[in-house]
Amino acid sequence: WTIVGLASSITLSFVADMSNVDPSGVEALVGYLNQCVPIILAVYVHTSMNRWWQLRTRGLGRVLTASVNICMSMGAVFQGAHYSYGKDLIFRYIVCSIILMHRALRTSEARIDCADLYKRHYINKKEAQMLRSCPKYQSAMVPWVWILRVTNEMVKHFVQNGGEWIVLEQ
């Protein structure tokens, strides 16, 4: 629209006498542009919605699916109060990862500020320092390494304390 306005202004500035300008030509141009606006707007809305849906299904959707799978697995295998801290830690890391992913997409900064994640007890001070040193697009992946570490420790504890994996026969 800026180009159309600029072109119209330049064209009209070369006309010395505005009384000689035929308004029907300008009205035809306005009518033509009024027909184009809905098409351009529809293409813009379609593109925006398509980008949002791709982000939702390919990006965040996979993270949410992995989060649900981890939570269900931890709840099914690690039962008892002695596993509650580990399961709580995994849940906090999952929420932290989702928050960091959202912030990475919303900020133009090279690094993500995670001081509030520490204040809200999603992470500890050492973990906050680690996240501050990560580039913004990698910061959402770091909590998943922590989730694997916690899961590994829970499995070790499970096996060392006589836990048995149940294998169903076919």
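**Exercise 1. Work out whether E153 is buried, partly exposed or exposed, then find its charged partner.**

Step 1. Start with accessibility: E153 has a relative accessibility of 46%, so it counts as partly exposed. The cut-offs here are under 20% relative accessible area for buried, over 50% for exposed, and partly exposed in between (1.4 Å probe, protein chains only).

Step 2. A quick word on what you're looking at. This is a predicted model, where local features need pLDDT of at least 70 and side-chain atom pairs count only at pLDDT 80 or more, while totals for chains, interfaces and linings use all residues. Residues are numbered from 1 along each chain as its sequence is written, and side-chain values use heavy atoms, with hydrogens and water left out.

Step 3. Now the partner: E153 pairs with K156 in a salt bridge, and their closest N and O atoms are 3.6 Å apart. To count as a salt bridge, a side-chain nitrogen of Lys or Arg has to sit within 4 Å of a carboxyl oxygen of Asp or Glu.

Step 4. Check K156 too: at 40% relative accessibility, K156 is partly exposed.

Step 5. Why can these two reach each other? Because E153 and K156 are 3 residues apart in helix α7 (residues 142–160), about one helical turn separates them. Helices are DSSP runs of H or I with at least four residues, numbered from the N terminus.

**Exercise 2. Find which residues are joined into one network by salt bridges that share partners.**

Step 1. The network takes in R103, D116 and R120.

Step 2. Look at one pair in it: D116 and R120 meet through their side chains in a salt bridge, 3.6 Å from N to O.

Step 3. Then the surroundings: D116 is partly exposed at a relative accessible area of 24%, and R120 is partly exposed as well, at 46%.

**Exercise 3. Describe the setting of R92 and its salt bridge with D88.**

Step 1. Place the residue: R92 lies in helix α3. With a relative accessible area of 18%, R92 is buried.

Step 2. Measure up the pair on screen: the closest N and O atoms of R92 and D88 are 3.2 Å apart. D88 itself is partly exposed, at 36% relative accessibility.

Step 3. As for the spacing, R92 and D88 are 4 residues apart in helix α3 (residues 84–106), which means about one helical turn between them.

Step 4. Leave aside neighbours within four places in sequence, and R92 is in contact (heavy atoms within 4.5 Å) with Y85, H121 and Y122.

Step 5. For the tally, a search of the whole structure finds 4 salt bridges.

Conventions:
Helices (H or I, at least four residues) and strands (E, at least two) are DSSP runs, numbered from the N terminus.
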